[in-house]
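Colleague: I have a few labels to check with you. Can you take me through the reasoning behind each one?

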Amino acid sequence: MSYDSSEILFERAKKIIPGGVHSPVRSFKNLDKSPLFFERANGPYLYSIEGKEYIDYCLSFGPLILGHQDPDVKLAVQEMFNKAWTFGACEPYSLELAEWIIKEVPFIEKLRFVSSGTEAVMSALRVARATTGKNKIIKFEGCYHGHVDSLLVKAGSGLAGESSTSSAGVSENTASETLVCPLNNISYFEQVLEREKSNVAAVIIEPLPANYGLLVQTKDFLHQIQSLCKKHGVLFILDEVISGFRISIGGMASLYDLDPDLVCYGKIIGGGFPVGCYAGKALYMDKVAPLGNVYQAGTLSANPIGMVAGLTTLQKLKSLNIHKTLEDNTSYLSDNLNKLFADKKQPLQCIHFQSLFWIHTKTTSPIRRPDEIPNQQSARFKQLFLNCLNENVYLAPNAFEVGFMSFAHKKEHLDKTISALGRALDLCI
Ligand code: PMP
């Protein structure tokens, strides 16, 4: 079957799908271009409807740590596909994935699979409210936790920590249950928690905030949050939907030796299929129905295709020590991009944390909060992104999204990317 061009498909899509997309960041908003439509993908490559090949650093926003169509994952999926697509009943595949995770991740005693990161976060918050009998949640400005109503909030202008909605359709009442604190500021957090401890059920944070650029936090900051939570009887929830299994098998929690009460996963855990998971101490997870009275359910939860894709991905990450390779390759790419930026006198900088990277306007100190991102970020990114597209390199289509490295990206692809970026930069003013 052959398709019309991306422009024509987008015009058709806009007539029947809001903004022409099923998730906003796919829309190329503010990039003055209609989004590309892709037909297939393999290894590090995406192939557009027009037949053009792109080296992909968006990687479906993170799940594809082994690249597109990893052969081992593909085989596992094909085998499962021939047995069943969904049971809506008990099966061994989710049990195997659950046992593997519990064996590998020290702070997890029990877990429940769902179908997205949003669902995982929403369910973890429900457990926290049920366990503590309190209603408020503290989150951090610049962290994204899916489109859960109570977390679609931004810092308000009133009292410290207060919030207002950041999406229409979220009631002020719901927003008022969420308190927003700045990242990298422990005394602010301490003050808000001290004032609100009798109302706060949980604190949730991305331990490696990667939804507003890459806002690397210090280990100290995360440990201080954790100890204040423990001191005040507030649940400490890590949202590792991006960082889980990418930074290490135990995510940022293992790397930084954290001990969360609950943790939320998505993306890599399903090997490219829609899987989410919330997990943690049995004391809390035992509140979940049918054992406890916190209701949470899902028709396609623990879908067997996602379960075998997830398990195969995680086993391969571990057995081939892939995290080390990914880190080395991301350093290589990042160092070479920084050399290019210097040579071409472009005020840009590439930072990376293991296999995540982010290109931003050059700063003299690390960016740890959204308000520290230079104003020119969007304009500079737009030029770079469009020039990269011309050079067959696909970055996530937004100045505040990070780039991801996969195991399918080999040295030859990285060298190709570096040369392409060199040409792309020549066209940036
Ligand atoms: N938490 C974090 C940290 C995320 O990055 C995302 C998605 N990007 C979510 C939650 C929501 O996950 P999903 O899109 O699977 O609902």
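Modeller: Start with the ligand. One of its nitrogen atoms is 2.7 Å from an N or O atom in the side chain of Asp 239. Keep in mind that this is a predicted model.

Colleague: What makes the Asp 239 pair a polar contact?

Modeller: The cut-off is 3.5 Å between N or O atoms. The Asp 239 pair is at 2.7 Å, so it qualifies. Backbone atoms take part too. A ligand oxygen is 2.9 Å from a polar backbone atom of Gly 117. A ligand nitrogen is 3.5 Å from a polar backbone atom of Tyr 144.

Colleague: How much of the ligand does the protein cover?

Modeller: On its own the ligand has 390 Å² of accessible area, and the protein covers 81% of that.

Colleague: Which residues surround the ligand, and how do they split by class?

Modeller: Among them are Ser 116, Thr 118, His 145, Glu 206, Val 241 and Lys 267. By class, the shell has three nonpolar, six polar and three charged residues.

Colleague: Now the salt bridges. How many does the structure hold?

Modeller: The structure holds 19.

Colleague: Why is the pair Glu 196 and Lys 136 called a salt bridge?

Modeller: The limit is 4 Å, from a side-chain nitrogen of Lys or Arg to a carboxyl oxygen of Asp or Glu. Here the closest N and O atoms are 3.4 Å apart, so the pair counts.

Colleague: What does the pair tie together?

Modeller: Glu 196 lies in helix H6 and Lys 136 in strand E5, so the pair ties together parts that are 60 residues apart in sequence.

Colleague: How do you know whether these two are buried or exposed?

Modeller: Buried means under 20% relative accessible area. Glu 196 has 7%, so it is buried. Lys 136 has 18%, so it counts as buried too.

Colleague: What about Asp 415 and Lys 411?

Modeller: Their side chains meet in a salt bridge at 3.7 Å, N to O. Both residues lie in helix H13, four residues apart, about one turn of the helix.

Colleague: Why are they called partly exposed?

Modeller: That label runs between the 20% and 50% limits. Asp 415 is at 29% and Lys 411 at 45%, so both fit.

Colleague: Which residues are joined into one network by shared salt-bridge partners?

Modeller: Asp 70, Asp 72 and Lys 316.

Colleague: And how do you class Asp 4?

Modeller: Asp 4 has a relative accessible area of 36%, so it is partly exposed. Asp 4 also forms a salt bridge with Arg 12, with the closest N and O atoms 3.7 Å apart.

Methods: Residues are numbered from 1 along each chain as its sequence is written. This is a predicted model: local features need pLDDT of at least 70, side-chain atom pairs count only at pLDDT 80 or more; totals for chains, interfaces and linings use all residues. Side-chain values use heavy atoms; hydrogens and water are left out. A residue is near a molecule or strand if one of its heavy atoms lies within 4 Å of it. A polar contact is a pair of N or O atoms within 3.5 Å; within protein, one must be able to donate a hydrogen and the other to accept it, and residues adjacent in sequence count only if both atoms are side-chain atoms. Accessible areas come from the Shrake-Rupley method with a 1.4 Å probe; for residues, only the protein chains shown count as cover. Ala, Val, Leu, Ile, Met, Phe, Trp, Tyr, Cys and Pro count as nonpolar, Asp, Glu, Lys and Arg as charged, and the others, Gly among them, as polar. Buried means under 20% relative accessible area, exposed over 50%, partly exposed in between (1.4 Å probe, protein chains only). Helices (H or I, at least four residues) and strands (E, at least two) are DSSP runs, numbered from the N terminus.
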